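Colleague: Please take me slowly through one helix of this model, from its start to what comes after its end, and then add a single residue elsewhere that I could examine in the same way.

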Amino acid sequence: MTALTSEADARILIDDLLRVAGWNPADKSQVRTEVPLSETFHVAETATGGGAIRTVDVGSLGFADYVLLDQRGRPLAVVEAKKQAINPYTAKQQALPYAKKIGAPFIFLTNGELTYFWDYLNDDARPVASFYSRRDLERLVHLRTERKPLAEVAIPDTYVRTGETRSLRPYQQEAMKALDHAVELGKRRFLIELPTGCGKTDLIGLYLKRLIQAGHAERILFLVDRDQLAKQAIEAIQDLLPNYSSYWLKPGVARQEKQITVCLLQTMIGRHEEFSSGYFDLLVMDECHRSIYGSWQTALSHFDALHIGLTATPAMYIERNTFSFYQCKDNAPDYSYSIQEAFKNGHLTPYRFATGITTLMSEGAEVEGVEYDPAEFERKWTNEASNKLMMVEFDKLAWANYKELAPGQKDGPGKAVVFAITKHHAARLAQYLNELHPEFKGKYAEVITSDIADADDAIRRFKQDKLPMVAVSVGMLDTGFDCREVLHLVMCRRVRSPILYQQMRGRGTRTAPHIDKQKFVIYDFFGNHEYFNDSDTDAFTGAGGGGSGGRPRPPGPGGRELVELGLDDEWLHAVSYIEVGPDGERVDKREYVTEWEKAVQQGADNDPVIAKVKAGAELSEQEETELAHRLNQPQKYFNEDNLRRAYRKPGGNLVDFIREALGLIKTKSRPEIVEENFRAWLVSKSFTPEQAQYLSLLKNRGLVKGKVSIDDLFSPPLSLLNAAGIGIEMFGEKGLNAVLEEINQTVLAA
């Protein structure tokens with residue numbers, strides 16, 4: 001990107017940024033530019049607390065570069081423009097007297113590259129990814145008139161969920177109080193850690209209601225990274241907050257102007273630019289520890305809102321980037337509740353490990369380190385005999401002991417989830433279980449993967465009906481899946497991620513008083529719990545207890561676990577095939593992409609919904625759903641899960657893959673991606689304005705070289721600016737090295 005040296009150059013960029021946020025710089029009823037000394041305005045006293053309208057002469061205060069007006073012609077914000085070489089934050093005191101004089105409640109400070117938003121009556125200026133729209137600013141003014149202390153909104157003792165009255169648990173009330181305290185102190189980002197099964201969704205739904213009632217939020221975005229989590233979230237929100245409009249924003253579907261939006265993060269990656277930075281007042285991110293990287297972070301950081309991150313991951317396995325994003329001190333969440341406390345207080349069901357079962361892998365056995373070809377692993381470590389043996393041993397113990405686990409359980413041993421290695425492996429295991437129980441006519445066990453005719457319906461039947469009793473899956477039921485009647489977890493695969501291990505274990509921890517659930521059993525045929533030193537008397541959490549003797553987790557790039565990006569092992573290395581269909585047929589990724597593109601291009605001529613996508617029209621929710629079902633047919637199995645693997649794009653969605661097949665997606669240039677990543681990174685951090693300006697220099701150097709190193713600071717052109725000395729003064733020697741590493745990993749890795 002060519003450096004812009006003058007203020008006039010910067011204004012070219014600023015005008016473009018205003019247009020993106022819905023402002024028309026040429027429309028004087030929206031935007032006034034270079035407002036002269038003699039300019040007068042009708043000023044709404046309500047912007048600063050009164051009620052009358054007065055006319056103000058700005059006198060000798062100079063002129064404003066831009067003034068943004070509301071629909072009645074009253075000032076909403078002053079925009080102070082600076083040339084790119086000047087840190088816009090330094091213009092605060094230049095813009096403030098003018099804004100106060102004309103009654104504009106907000107200020108934007110920008111040089112076209114860095115933009116700060118300043119709600120000067122309440123906060124300091126902070127970096128934002130884009131300008132606010134007129135409607136955003138008007139809404140903020142309105143919210144001020146509605147706002148009241150959170151203490152005036154009572155925390156309930158009970159609430160109604162799915163028609164039954166439930167008690168708010170003590171730790172849920174404590175979490176609300178911790179959030180209240182942080183909000184009242186002016187903190188804008190919060191991190192909540194609750195173990196799987198402890199009611200994070202109910203907690204956050206009730207807290208959203210408090211924030212709305214107290215005038216702290218009107219528009220809310222609830223982000224998740226799995227379809228099942230989206231379904232749970234929208235169901236909970238519509239159940240708990242029936243008086244507030246809500247919807248699920250899906251790929252290619254027209255956005256709706258409702259108060260609460262539920263959306264997959266993968267969808268928002270491609271759609272965040274449709275929204276201004278101020279569109280939402282509050283953003284909730286479920287399983288947030290997976291989302292603070294690269295394009296995922298860009299979508300998250302785009303919104304200048306209150307942020308609440310939810311996670312079931314214990315603190316020691318949360319990356320420092322996550323703590324930094326949520327402004328947590330001492331690498332500690334704003335509120336946490338441990339799994340040991342949950343077991344002790346009866347809020348989660350404890351577990352035990354099945355004894356006397358066969359272990360297929362000796363403790364410590366490795367295959368190609370931490371990355372392996374799943375199909376090769378299956379071939380090497382399992383065969384027909386061992387698969388049958390695992391199912392026989394599990395089935396025998398399950399039928400023998402289920403009354404001990406849940407005295408109220410009737411009609412067989414209760415629900416079980418089997419975690420398989422591959423789709424092919426899952427199909428074999430389900431077949432063997434059904435052979436053990438011919439009386440159920442093939443309905444005892446069912447494979448649940450993205451390739452079956454209707455995975456959602458299969459999950460519903462597993463949860464609500466007597467059959468199937470056993471769900472066999474790969475990846476799909478590891479996280480984001482809740483069934484409180486589960487009494488058996490069967491690990492027929494190796495797990496080396498401590499976070500994934502705890503998430504899988506969490507599928508059984510939910511309480512089920514209606515069957516008097518006392519415990520659940522883990523049948524660990526691959527010795528995973530021994531790897532983590534987990535035991536039924538000393539639960540592995542990664543910190544103390546069973547975790548103290550566990551081995552360190554295998555690092556991914558930059559020291560983080562790859563699985564935490566929401567990916568599974570097949571996506572993490574150069575496996576050349578994907579598994580499709582109920583039997584897990586292997587198809588070369590390139591062949592799969594070729595067939596997909598051919599099918600989409602043909603469909604553009606004879607499929608009206610694909611034709612709509614080609615024409616750039618938005619779909620209805622029904623059209624999007626029907627298209628997904630139509631494409632996921634036998635033979636091809638075109639679905640998001642398989643397409644993400646084939647394209648190696650974990651953030652892709654179905655409509656984007658259709659657009660890509662039609663050649664409609666313009667691939668962003670590397671400089672564009674880096675600039676976007678850089679803005680998101682700055683927004684996510686707590687750098688001083690001087691640090692942000694300095695880091696902009698390093699980013700520009702990295703754009704030229706591909707990365708930036710310590711040596712670059714001692715070489716022209718950076719050495720001419722004393723970049724090394726200034727960097728050490730700002731960050732310290734160790735901190736400077738860390739920030740360079742983060743720039744390379746987070747900003748420049750495009």
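Modeller: A polar contact is a pair of N or O atoms within 3.5 Å, where, within protein, one must be able to donate a hydrogen and the other to accept it, and residues adjacent in sequence count only if both atoms are side-chain atoms. This is a predicted model, in which local features need pLDDT of at least 70 and side-chain atom pairs count only at pLDDT 80 or more, whereas totals for chains, interfaces and linings use all residues. Residues are numbered from 1 along each chain as its sequence is written, and side-chain values use heavy atoms, with hydrogens and water left out.

The helix I would choose is α21, residues 640-647 (helices are DSSP runs of H or I with at least four residues, strands runs of E with at least two, numbered from the N terminus). At its start, the backbone nitrogen of D641 has a side-chain oxygen of N639 within 3.2 Å. Of the 8 residues in α21, 7 are buried (under 20% relative accessible area, against over 50% for exposed and in between for partly exposed, with a 1.4 Å probe and protein chains only), namely E640, N642, L643, R644, R645, A646 and Y647. The cover over these buried residues includes the helices α7 (265-271), α13 (423-436), α18 (589-606) and α22 (654-661), together with strand β24 (577-580). After α21 comes R648, whose phi is positive, near 55°.

For the single residue, I suggest S301, which belongs to helix α8 (residues 294-301) and is buried, with a relative accessible area of 1%. Beyond its neighbours within four places in sequence, S301 is in contact (heavy atoms within 4.5 Å) with A129, F325, A680, V683 and S684.
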